[in-house]
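Got your viewer open? Load the model, switch to a cartoon view, and keep the selection tool handy.

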Amino acid sequence: MDQITSQDIVSLVKSPLGIVAIFVSFIESAGVVLVLNTTGDVQSNLTYFVIFFPCLLLFGFFLIWWKKPHALYPPSAFGGEPNVSEFA
């Protein structure tokens with residue numbers, strides 16, 4: 001299995017999709033820990049959140065992908081030196 005290098009992490013954080021992936025991973029990990037350490041109504045509500053939050057994000061991702069696919073890529077993906085006026 002390949003080792004993850006600091007270069008891989010830096011390239012992931014520079015991408016809008018990478019930032020969303022890190023955010024979702026953090027929220028889901030924290031949600032699972034909270035679900036396992038609670039009981040009653042709080043546990044069931046957190047369980048629903050952990051299940052439906054990624055579904056909501058997936059719907060939002062596909063909506064953005066359909067309407068504005070260029071917004072999901074960093075400026076460097078378009079080649080050359082990133083220029084905000086050209087990218088926007």
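**A walk along the helices**

Start by selecting Glu28 and showing its surroundings: setting aside residues up to four places away in sequence, Glu28 touches Val50, Phe53 and Pro54. Keep in mind throughout that this is a predicted model.

Stay with Glu28 for a moment. Its home is helix α2, which covers residues 16-36. Is Glu28 buried or exposed? Glu28 is buried, and yet it has no salt bridge. Try drawing a distance to Lys68, the nearest side chain of opposite charge: that one is 25 Å away.

Now zoom out and colour by secondary structure. The protein chain has 4 helices and 0 strands, so following it along the sequence you read α-α-α-α. Switch on the surface if you like: the accessible surface comes to about 7,300 Å², with 70% of that belonging to carbon and sulfur atoms. Of the 88 residues in the chain, 12% are buried. As for how the chain meets itself, take the contacts between residues at least 6 apart in sequence: 33% of them join residues at least 24 apart.

Next, select residues 40-67, which is helix α3. How far apart are its end C-alpha atoms? They are 41 Å apart, which agrees with the 40 Å that 28 residues should span at 1.5 Å a residue. Then look along α3 for a bend. At Phe52 there is a kink of about 30 degrees, shortly before the proline Pro54. You have met Pro54 already, as one of the residues that Glu28 touches.

Two more stops on α3. Select Leu46, which lies in this helix, and show what surrounds it. Apart from neighbours within four places in sequence, Leu46 is in contact with Leu34, Val35 and Thr38. Pick the C-alpha atoms of Leu46 and Val35: these residues sit 11 apart along the chain, with 5.9 Å between those atoms.

Finish at Phe61, also found in helix α3. How does Phe61 count in terms of exposure? Phe61 counts as partly exposed because its relative accessibility is 28%, and that class runs between the 20% and 50% cut-offs. Leaving out neighbours within four places in sequence, Phe61 is in contact with Leu17 and Leu72. Leu72 is 11 residues from Phe61 along the chain, and their C-alpha atoms are separated by 8.9 Å.

How values were computed. Residues are numbered from 1 along each chain as its sequence is written. This is a predicted model: local features need pLDDT of at least 70, side-chain atom pairs count only at pLDDT 80 or more; totals for chains, interfaces and linings use all residues. Side-chain values use heavy atoms; hydrogens and water are left out. The expected span of a helix is 1.5 Å times one less than its number of residues. The bend at a residue is the angle between axes fitted to the seven residues ending there and the seven starting there. Buried means under 20% relative accessible area, exposed over 50%, partly exposed in between (1.4 Å probe, protein chains only). Lys and Arg count as positive and Asp and Glu as negative; His and the chain ends are not counted. A salt bridge is a side-chain nitrogen of Lys or Arg within 4 Å of a carboxyl oxygen of Asp or Glu. Contact means heavy atoms within 4.5 Å. Accessible areas come from the Shrake-Rupley method with a 1.4 Å probe; for residues, only the protein chains shown count as cover.
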